[in-house]
Amino acid sequence: MEERYIRNLGALTEKECALLRTKTVFVAGCGGLGGYLIEMLLRLGVGTIRAADGDSFEASNLNRQLLSSPSALGQPKAEAAAARAALVNPDVRFVSVPEFVTEENAAELIRGCDAVLDALDNIGARRILARACASENIPLIHGAICGWSAQAAVILPGDDLIDRIYPDGSRLSSKTSLSFTPPFCAALQTALCTRLLAGRPLESGRLYMADLLDMEMETIF
Amino acid sequence: MIEVRFFATLREGRGKITQVPAEEASTAGDLLRRFNIPADEVAILLINGFHSKPADSVKDGDIISLFPPVGGG
């Protein structure tokens, strides 16, 4: 085993580590959640990361987005993600796509992946991604944040969890987010993704919600 | 009494949990109005753990859980 992954051992078996190196994951979004997801997946040691975001950095991203910095303002987020990947773990194959997830490209973006990670920031794109995951038969690891709160879930093909989390007519009333909420949520998602990719048992359709203000974590359903 | 549990941003100004006399609410929507929560700011409404709608009736002993849409990324 390569020395850079030696501290994975114990928490993961050598066989599981080797299995992770064969896996391809798609990260939808390279902003608050996406930046931390990419960082954690790079260091964990998956085989290939494909990441898409059509946005560029602006000053309001600086309070929480790992890939942002004053010198990166105006830079495409997908480009910053690729640079970070080359710096942190060049052994991981990294494919960056400077596009938003849309009805037109979603299926093609995720095709062939072993898992898809939701790092999007709006309900419409999440519905598109969930439909694409169902049609391509790929597990979706949902994550979302608001203020002090984070939620995460594994959604296996055929599960309607996204429609239950975001029923018709629901709208996002707040864009508030703190520096520590995205990495916390990304950690929940990456832990779920690791269990999935390593073939460990997990339950689909469970929504986990954490409130960092009240130091609570609950399984909502 | 009906127990109402608030989550995430819905806790702001309302606390985490409160009790409402059963005779003061006949539907979940009555509880939303009582706490000044617009229906479209509730993404998940559970009555005793089951997905429900504002028009659904509530009764003594019920536990109502209210979640806003958490959707940032």
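Start with the contacts inside chain A of this predicted model. Take the contacts between residues at least 6 apart in sequence: 68% of them join residues at least 24 apart. The same count for chain B gives 56%. Burial can be set out in the same way. Buried residues make up 47% of the 221 residues in chain A. In chain B they make up 38% of the 73 residues.

Now look at the overall form of chain A. Its C-alpha trace spans about 50 × 40 × 40 Å along the principal axes. Is the chain compact? That can be judged from the radius of gyration. For 221 residues, a compact globule would have a value near 17 Å; chain A has 16 Å, which agrees.

What is chain A built from? It has seven helices and eight strands. The eight strands form an open sheet with mixed pairing. Their order is E3-E2-E1-E4-E5-E6-E7-E8. Strand E3 (93–97) and strand E8 (216–219) of chain A stand at the edges. Each has a single partner strand, so one side of each is left without a neighbour in the sheet. On average, neighbouring strands are turned by 15° against each other, direction ignored.

One edge of this sheet can be followed residue by residue. Strand E7 (residues 208–211) of chain A pairs with E8(A) in the antiparallel sense, over four bridges. Here A:Tyr208 stands opposite A:Thr219 in E8(A).

Helices pack against the sheet. Helix H3 (residues 77–88) of chain A touches strand E2 (48–52) and E3 of chain A. Its direction makes about 170° with that of E3(A). Helix H5 (residues 123–136) of chain A lies across strand E1 (24–28), strand E4 (115–118), strand E5 (140–146) and strand E6 (149–155) of chain A. H5 of chain A runs at about 170° to E4(A).

Next comes the core. In soluble globular proteins, nonpolar side chains tend to be buried together. The largest nonpolar core here has 89 residues. Which members touch the most other members? They are A:Ile49, A:Val116, A:Leu117 and A:Leu129. Helix H7 (residues 181–197) of chain A gives the largest share of this core, eight residues.

A:Leu117 deserves a second look. Leave out residues up to four places away in sequence, and A:Leu117 still touches A:Val25, A:Phe26, A:Val27, A:Ala28, A:Leu37, A:Ile141, A:Gln189 and A:Cys193.

Turn to chain B. Along the sequence it follows the pattern β-β-α-β-β-β. That comes to one helix and five strands. Its radius of gyration is 11 Å, close to the 11 Å that the globule rule gives for 73 residues, so chain B is as compact as a globular protein of that length. The C-alpha trace of chain B spans about 40 × 25 × 20 Å along its principal axes.

The five strands of chain B form an open sheet in the order E2-E1-E5-E3-E4, and the pairing is mixed. The edge strands are strand E2 (17–20) and strand E4 (50–51) of chain B, each pairing on one side only. Within the sheet, strand E3 (residues 44–47) of chain B pairs with strand E5 (residues 63–67) of chain B. This pairing is antiparallel and runs over four bridges. B:Ile47 has B:Ile64 in E5(B) as its bridge partner.

Finally, see where the chains meet. How many residues of each chain are in contact with the other? There are 16 residues of chain B in contact with 31 residues of chain A. The chain B side has seven nonpolar, six polar and three charged residues.

How values were computed: Residues are numbered from 1 along each chain as its sequence is written. Chains are lettered from A and ligands numbered from 1 in the order in which they are written. This is a predicted model: local features need pLDDT of at least 70, side-chain atom pairs count only at pLDDT 80 or more; totals for chains, interfaces and linings use all residues. A nonpolar core is a set of buried Ala, Val, Leu, Ile, Met, Phe, Trp, Tyr and Cys residues joined through C-beta atoms within 7 Å. A residue is buried if 20 or more other C-beta atoms lie within 10 Å of its own, exposed if 12 or fewer, and partly exposed in between; C-beta atoms are placed from the backbone. Helices (H or I, at least four residues) and strands (E, at least two) are DSSP runs, numbered from the N terminus. Two residues are in contact if their C-beta atoms, placed from the backbone, lie within 7 Å. The radius of gyration is taken over C-alpha atoms; the globule rule is 2.2 Å times the number of residues to the power 0.38. Ala, Val, Leu, Ile, Met, Phe, Trp, Tyr, Cys and Pro count as nonpolar, Asp, Glu, Lys and Arg as charged, and the others, Gly among them, as polar. Two strands pair if DSSP finds at least two bridges between them. Axes are lines fitted to C-alpha atoms, for helices over the stretch in contact, and angles run from 0 to 180 degrees between N-to-C directions.
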